[in-house]
Structure formats: C-alpha cells, structure tokens
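Subject: Structure handover

Hello,

Here is the structure I said I would pass on. Please look it over before reading the notes underneath.

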Amino acid sequence: MGTSKATVAAILEAAGPGASARAMFGEHALYWGAKLVALVCDDRLFLKDTPGGRAILEDAEEAPPYPGAKAHLVVPEELWGHGLAGLLATTAEALPEPRPKRRAP
C-alpha cells in the first residue's frame, strides 16, 4: 500500500525540528538527529522498542512494520500531536550512535 506523503508531513510537523524522514521502498524511516528511531509504514508509526519508549507508551500495541521485521511499538495516531518530540528524543537517547559510513575506495 505505501505511506502517503501527507502522513509523513503530519508526523514531521508534530515532531518538530529534531525529526527528519527518508523515503525507503515506498515507506519512510524517521530519524531523530542521526538516529533511526521509527518507521512509517502503511500510514502507521512504528517506534523502536526501548525502555523509555515503553514507559511512555505503557499499553502500546506491538507489531512488525513489515513482514520479517522485529516487533516495534505502534504509536496511536491520537498521540502523534502531543508529546511526539519527547517520545522520539527519549527513544533516541536509548539507542546507540550510528556507525560511521565507510567511504568508497
């Protein structure tokens, strides 16, 4: 099905200046700074599972964003506007720094 650009735009607007998105196979990866914190697939927001994110989303549904993926926390659409930046920042804090990219020889 794929995610609409309007959905990604709404999430980015709610998240604020710390968030960015990149298109990826018809879906989108959501970054907080340099860290990949969530995926937007089929117009749903899938947050990486971290202790901080789980504490904020106590009763969150868990589901894989695509077949074969690890389960992520599904952020309900009604929470996209309120506190989304804090949720993404909390998740990013718990994740390791991304590996430096290798330069092609």
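The notes below cover the strands, two residues with unusual backbone angles, a side-chain contact and the pockets.

Please keep in mind that this is a predicted model.

Strands

I start with strand β2, residues 27-32. Five of its six residues are buried, so β2 is largely enclosed by the rest of the structure. On one side of the pairing is strand β1, residues 19-24, which runs antiparallel to β2 and is joined to it by six bridges. One of the residues involved is Ala 19 of β1, whose bridge partner in β2 is Trp 32. The two strands make a hairpin, with two residues between them.

β2 also pairs with strand β3, residues 35-41. That pairing is antiparallel too, and it has five bridges. Here Leu 30 has Ala 38 of β3 as its bridge partner. β2 and β3 form a hairpin as well, again with two residues between the strands. Gly 33 is in that turn, and its phi is positive, at about 65°.

Positive phi

Most residues other than glycine have a negative phi. Which residues go against this here? Phe 25 is one of them: its phi is about 55°, a positive value, although Phe 25 is not a glycine. Phe 25 is found in the loop between β1 and β2. Is Phe 25 buried or exposed? Its relative accessibility is 84%, and the cut-off for exposed is over 50%, so Phe 25 counts as exposed.

Asp 42 is another non-glycine residue with a positive phi, near 50°. Asp 42 lies in the loop between β3 and β4, the latter being residues 44-47. With 34% relative accessibility, Asp 42 counts as partly exposed.

Aromatic rings

How many aromatic pairs are there? The count comes to zero. There is, however, a charge over a ring: the charged end of Arg 22 sits over the ring of Tyr 31, at 4.6 Å from the ring centre.

Pockets

Arg 22 and Tyr 31 also appear in the lining of the second largest pocket. The other lining residues there are Ser 20, Gly 33, Ala 34, Pro 98, Arg 99, Pro 100 and Lys 101. By class, this lining has four nonpolar, two polar and three charged residues. The volume of the second largest pocket is about 200 Å³.

The largest pocket holds about 240 Å³ of space. Which residues line the largest pocket? They are Leu 36, Leu 39, Lys 48, Asp 49, Tyr 66, Ala 69, Lys 70, Ala 71, His 72 and Leu 95. Six residues of this lining are nonpolar, one is polar and three are charged.

Regards

Technical notes. Residues are numbered from 1 along each chain as its sequence is written. This is a predicted model: local features need pLDDT of at least 70, side-chain atom pairs count only at pLDDT 80 or more; totals for chains, interfaces and linings use all residues. Side-chain values use heavy atoms; hydrogens and water are left out. Buried means under 20% relative accessible area, exposed over 50%, partly exposed in between (1.4 Å probe, protein chains only). Helices (H or I, at least four residues) and strands (E, at least two) are DSSP runs, numbered from the N terminus. Two strands pair if DSSP finds at least two bridges between them. Rings of Phe, Tyr and Trp (its six-membered ring) pair if their centres lie within 6.5 Å; planes under 30 degrees apart count as stacked, over 60 as edge-to-face and the rest as tilted. A charge sits over a ring if NZ of Lys or CZ of Arg is within 6 Å of the ring centre and within 35 degrees of the ring normal. On a 1 Å grid over the protein atoms alone, a cavity is a set of points where a 1.4 Å probe fits but cannot get out, and a pocket is an open set with protein on both sides within 12 Å along at least five of seven lines; lining residues have an atom within 4 Å of a point. Grid points are joined across faces, edges and corners, and a volume is the space filled by probe spheres set on the points. Ala, Val, Leu, Ile, Met, Phe, Trp, Tyr, Cys and Pro count as nonpolar, Asp, Glu, Lys and Arg as charged, and the others, Gly among them, as polar.
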